Amino acid sequence: MSNSTKLLRGTRKLVPVYCNQCVCGPDLLNVEVENGIAIRVEPNFGIGTAHPAEGRVCIKAYGIVQKTNNPNRITRPMKRTNPQKGRDHDPGFVEISWDEAFSIVAARMNAIREKGLTDEEGYPRVAASFGGGGTPTRYMGSFPAFLSSWGPIDFGFGSGQGAKCYHSEHLYGEFWHRAFTVTVDSPNTNYIINLGNNQEASSGVTGVWRQADARVRGLKRVQVEPHLSVTGALSAEWVPIKPKTDSAFLYAVIHRILYELDWKSVCDVRFLAEEVIPPFLT
Ligand code: SF4
């Protein structure tokens, strides 16, 4: 199988596409399509050499077909009809038309604009959450442009996204490497202290594959986390740290490197001096 559509029996065909469902991809797969409907997915081994995980996808990708064809999938706007909220109150969601949905939202936003975009304390009156801390919104076509043109919006309570996003990784990734995406340099690393991150569950098929290869090569991974995750179980060592003490642990490691060891022989000084910007070296 190559990277082109392959005809199967009758109207069935295999279409090579990619999965980026959880943003750990893109990972390559073939989708079997019958009469225009996706019915099955499979890895795309034919294009494996172009893909770090050799054309494999993870188990989540197999669920996309069920997700797409689920009869309970919500495809139209829903309006809450029961103003009472609580565990024992059915929200009474009913399906409404797109026109009605747009009219409701537009009327509310116009009323807020009339009142003022910020409140007495200077905080935005509109808050929005799209199931993510920012990245998903950027994929929404003209939606980001609309949000920018609106004015101040509080995105503070939006969080959680995909399988892997810890948010701070993007912030520090941009500080350190000028890169939004951060990934472990598994093929060139011999020792990893892994804090909290459940690598085997959240790094996608490529991340899991690369680190599995590196462990076979001899990479030692020390997993620091209170509970024994699948990543801890597959690591050379598990350090069952107390919850919320990661920072203290890291300060202790830094202290040991800087004050108890000869840091110039322990650290890759050339890398630190030339490829990142540590304040204490400049
Ligand atoms: S890790 Fe799985 S769900 Fe995520 S993009 Fe890859 S194949 Fe898709």
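Helices (H or I, at least four residues) and strands (E, at least two) are taken here as DSSP runs, numbered from the N terminus. On that basis Ala212 is found in helix H8. The model is a predicted one: local features need pLDDT of at least 70, side-chain atom pairs count only at pLDDT 80 or more, and totals for chains, interfaces and linings use all residues. Residues are numbered from 1 along each chain as its sequence is written.

Overall, the protein has 12 helices and 9 strands. Burial is judged by counting other C-beta atoms, placed from the backbone, within 10 Å of a residue's own: 20 or more make it buried, 12 or fewer exposed, and anything in between partly exposed. Of the 282 residues, 15% come out as buried. Contacts are pairs of residues whose C-beta atoms, again placed from the backbone, lie within 7 Å. Among contacts between residues at least 6 apart in sequence, 49% join residues at least 24 apart.

Now to the sheet. Two strands are said to pair if DSSP finds at least two bridges between them. Four strands make an open sheet in the order E1-E2-E3-E4, with antiparallel pairing. E1 and E4 (37–43) sit at the edges with a single partner strand each, so one side of each has no neighbour in the sheet. E1 (residues 6–7) is joined to E2 (residues 13–19) over 2 bridges; Lys6 has Leu14 as its bridge partner, and Leu7 stands opposite Lys13. E2 and E3 (residues 27–34) share 7 bridges, with Val17 partnered by Leu29. Another 6 bridges tie E3 to E4, and here Glu32 is matched with Arg40.

The loops between these strands have their own quirks. Pro26 is found in the loop between E2 and E3, and the peptide bond leading to Pro26 from Gly25 is cis, with omega near 5°. E3 and E4 form a hairpin with 2 residues between them. Asn35, in that turn, has a positive phi of about 50°, although Asn35 is a residue other than glycine. Asn35 counts as exposed because it has 8 C-beta neighbours inside 10 Å.

The sheet also feeds the largest nonpolar core, a nonpolar core being a set of buried Ala, Val, Leu, Ile, Met, Phe, Trp, Tyr and Cys residues joined through C-beta atoms within 7 Å. This core has 10 residues: Cys19, Leu28, Leu29, Val31, Val41, Val57, Cys58, Ala61, Val205 and Val208. E3 and H8 are the elements that give two or more residues to the core, and E3 gives the most, with 3 residues. What does Val57 touch, leaving aside its neighbours within four places in sequence? Val57 is in contact with Cys19, Asp27, Leu29, Val41, Pro43 and Val205.

Around the ligand there is a shell of 13 residues, the closest being Cys19, Cys22, Gly25, Cys58 and Gly204; a residue is near a molecule or strand if its C-beta atom, placed from the backbone, lies within 6 Å of it. Helices H1 (59–62) and H8 (204–217) are the elements that give two or more residues to this shell. By type, the shell divides into 7 nonpolar, 4 polar and 2 charged residues, where Ala, Val, Leu, Ile, Met, Phe, Trp, Tyr, Cys and Pro count as nonpolar, Asp, Glu, Lys and Arg as charged, and the others, Gly among them, as polar.

Back in H8, Ala212 counts as partly exposed because it has 15 C-beta neighbours inside 10 Å. Ala212 and Pro187 are 25 residues apart in sequence, yet 10.0 Å apart in space, C-alpha to C-alpha. Asp99, in helix H3 (residues 98–115), has 9 C-beta neighbours inside 10 Å, so Asp99 counts as exposed. Between Asp99 and Pro77 the C-alpha distance is 9.7 Å, with 22 residues separating them in sequence.

Some helices have little cover. In H5 (residues 143–150) the count of buried residues among its 8 residues is 0, and Gly151, which follows H5, has a positive phi near 120°. H10 (residues 246–260) has 15 residues and reaches 20 Å from first C-alpha to last, close to the 21 Å expected (the expected span is 1.5 Å times one less than the number of residues). The number of buried residues in H10 is 0, so H10 lies largely in the open. Lys244 lies in the loop between E9 (237–239) and H10; phi of Lys244 is positive, near 65°, and Lys244 is exposed, with 8 other C-beta atoms within 10 Å.

Key: Two residues are in contact if their C-beta atoms, placed from the backbone, lie within 7 Å.
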